[in-house]
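The following exercises are to be worked with the sequence and the model in view. Each task is followed by a solution in steps.

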Amino acid sequence: MKSATPKVLHPLLGRTLLGHVLAAAGAAAAEQTVVVVGHKAEAVSAHLAEVAPAAVPVLQAQQNGTGHAVRIALDAVPDASGTLVVLNGDVPLLRGETVAALIEAHESASRAATVLAAVVDDPAGLGRIVRDAAGGLSRIVEERDASAEVRAIREINAGIYAFDLAALREALGKLSTDNDQGEEYLTDVFGLLVEVGSPVGVFVAADAEETLGANDRAQLADLRSRLRDRVNTAWMRSGVSILDPATTWIDVTVTLEPDSVVDQNSQLRGTTSVASGAVIGPDTTLIDTVVGAGASVLRTHSIGAEVGPEATVGPFSFLRPGTRMGRKSKVGGFVETKNAELGDGAKVPHLSYVGDASIGAKANIGAGTIFANYDGVKKNRTTVGEAAFVGSDTVLIAPVEVGPGAYVAAGSAIGSDVPSGSLGVTRAQQRNVEGWTARRRPGTVSAEAAERAAGEASEAE
């Protein structure tokens, strides 16, 4: 990956590669999950503690092959019995249903080992499934060790297996490093089991796409687009309108209700949820945001906000964490909010910053209003009461309160409370200096315009 980040921790639509594999593994309802870690083990183990705290990390200090990795994993669960499922950490498209089907096929046939296979157009770089004359599994051959005839086979090993633990433990003790890479291949277990007459088999994935892994950034991007298409298709078939699926990116952790609409160039990430009838986008990013029924969020960036039912946001708005919008409230164009509560029907229509504030129901905040919440040491809160009206180009200097039904005159700097039903004004009296342009800006286009206006006024008299 040419990255400081371990491959399995690279993100993909709401989960890491490892997180996706663990989610698929959940279908197995395993008694215990063991994760073999090697490169940057501390970082991987820390992530594992966050997303799957019951899983046990096991360190493979020297990467001596897949067989060696499984042997180390089994040392951590010496009393385990029954079926063992082995999964690669970089197959994020694997479905839980496929894992469950692999287990069912393996156990119903009472096999010692079953390999998940797939038929692909280009098998380059992958191990091949070699079958016997009867169509059964003969062996699995890594490409490095394959003949030209074996390399022509298009049925590949997906690196995912189900084993009977007793049979596996015995076979692992017989593995050698007599191969091109000098490693213990887990795939050699199948040949060893065939030699002693133990039943082995192949389970072919219905969709080869599920077996794809990522070894570089280009392959990761390909997986991301494939997962995007899968997620979007599933939501559309459940009743969500996605107007341009190719430019819509939805994390697997997001929830949407039927009859919601997602317009083009939009990203829904994290724990975002969108209720029925809401319209998102175009050109919108929602992260950990809750959108109520019938709301509209247009050309907006939102993090950790709640948008109430039938509320409207945008265009070009920025909702920061702690923003809570009531029913039919409005945050308009070029408005930024942070830790702000808007009551039902409250409006901040234009060009304003609202930080650390409570705005009552049906209150109106005029264009260009600034909630000055920071005094250089700490953040302070502003309260605007129900149905209050704050005129344009106002600065509310926190901590301050504008009472219910109060008005604030446009252009005011309010540093003291405005009582309920009162008008707060802090503007200085206007003074006009006659003839200033002619005296101080002679010869300018402004002076010429003023002179013409004066002449026209004289003629009119």
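**Exercise 1. The second largest pocket**

Task: Determine which helix supplies the largest share of the lining of the second largest pocket, and place this share in the context of the whole lining.

Solution. Step 1: Helix H8 provides the largest share of this lining, with five residues. The model is a predicted one.

Step 2: The complete lining consists of 15 residues. Those that lie nearest the centre of the pocket are Arg 15, Leu 227, Arg 230, Val 231 and Val 252.

Step 3: At least two lining residues come from each of helix H1 (17-25), helix H4 (96-108) and helix H8 (217-237).

Step 4: The volume of the second largest pocket is about 330 Å³.

**Exercise 2. Asp 90 and Asn 215**

Task: UniProt, in an unreviewed entry, annotates Asp 90 and Asn 215 as "binding site". Establish how these positions are arranged in space, and state for Asp 90 whether it is buried or exposed.

Solution. Step 1: According to the UniProt annotation, the site covers Asp 90 and Asn 215. They span 126 residues in sequence, but no two of their C-alpha atoms are more than 8.4 Å apart, and therefore they gather at one spot.

Step 2: Locate each residue. Asp 90 is in the loop between strand S5 (83-86) and H4, while Asn 215 occupies the loop between S10 and H8.

Step 3: Assess accessibility. Buried means under 20% relative accessible area; Asp 90, at 12%, therefore counts as buried. Exposed means over 50%, and Asn 215, at 53%, is accordingly exposed.

Step 4: List the contacts, leaving aside neighbours within four places in sequence. Asp 90 is in contact with Lys 7, Leu 17, Val 21, Leu 212, Gly 213, Ala 214 and Asn 215. Asn 215 is in contact with Met 1, Lys 7 and Asp 90.

Step 5: Examine the polar contacts of Lys 7. Its side chain is joined to that of Asp 90 by a polar contact of 2.9 Å, and the side chain of Asn 215 makes a polar contact of 3.0 Å with the side chain of Lys 7.

**Exercise 3. Strand S6 and its surroundings**

Task: Which strands are joined to S6 by bridges, and in which direction do they run?

Solution. Step 1: S6 and S9 run antiparallel and are joined by six bridges. Val 119 stands opposite Glu 155 of S9.

Step 2: S6 and S10 run parallel, with five bridges between them. Here Ala 113 stands opposite Val 200 of S10.

Step 3: Six of the seven residues of S6 are buried, so this strand is largely enclosed by the rest of the structure.

Step 4: Turn to helix H7 (residues 188-195), in which Val 189, Phe 190, Gly 191, Leu 192 and Leu 193 are buried. The buried residues of H7 pack against strand S6 (113-119), strand S8 (137-141), strand S9 (155-164), helix H6 (165-172) and strand S10 (200-204).

Step 5: Just after H7, Gly 197 adopts a positive phi of about 85 degrees.

**Exercise 4. A further annotated site**

Task: An unreviewed UniProt entry lists Ala 367, Asn 373, Tyr 374, Ser 392, Ala 410 and Arg 427 under "binding site". Describe the setting of Tyr 374 and that of Ala 410.

Solution. Step 1: Tyr 374 lies in the loop between strand S31 (370-372) and strand S32 (382-384). Its relative accessible area is 49%, and Tyr 374 is thus partly exposed.

Step 2: A polar atom of the Tyr 374 side chain lies 3.1 Å from the backbone oxygen of Gly 376.

Step 3: Ala 410 is in the loop between strand S36 (407-408) and strand S37 (413-414). At 34% relative accessibility, Ala 410 is also partly exposed.

Step 4: Not counting residues up to four places away in sequence, Ala 410 touches Gly 391, Ser 392, Thr 394 and Arg 427. Among these, Ser 392 and Arg 427 are listed in the annotation together with Ala 410.

**Exercise 5. Pro 399**

Task: Where is Pro 399 found, and which residues is Pro 399 in contact with?

Solution. Step 1: Pro 399 is situated in the loop between strand S34 (395-397) and strand S35 (400-402).

Step 2: With a relative accessible area of 57%, Pro 399 is exposed.

Step 3: Leaving aside neighbours within four places in sequence, Pro 399 is in contact with Asn 380 and Arg 381.

Step 4: The C-alpha atoms of Pro 399 and Ala 372 are separated by 8.8 Å, and these residues are 27 residues apart along the chain.

How values were computed: Residues are numbered from 1 along each chain as its sequence is written. This is a predicted model: local features need pLDDT of at least 70, side-chain atom pairs count only at pLDDT 80 or more; totals for chains, interfaces and linings use all residues. Side-chain values use heavy atoms; hydrogens and water are left out. Buried means under 20% relative accessible area, exposed over 50%, partly exposed in between (1.4 Å probe, protein chains only). Helices (H or I, at least four residues) and strands (E, at least two) are DSSP runs, numbered from the N terminus. Contact means heavy atoms within 4.5 Å. Two strands pair if DSSP finds at least two bridges between them. UniProt positions are given in the numbering used here, feature names are shortened, and annotations may be inferred rather than shown by experiment. A polar contact is a pair of N or O atoms within 3.5 Å; within protein, one must be able to donate a hydrogen and the other to accept it, and residues adjacent in sequence count only if both atoms are side-chain atoms. On a 1 Å grid over the protein atoms alone, a cavity is a set of points where a 1.4 Å probe fits but cannot get out, and a pocket is an open set with protein on both sides within 12 Å along at least five of seven lines; lining residues have an atom within 4 Å of a point. Grid points are joined across faces, edges and corners, and a volume is the space filled by probe spheres set on the points.
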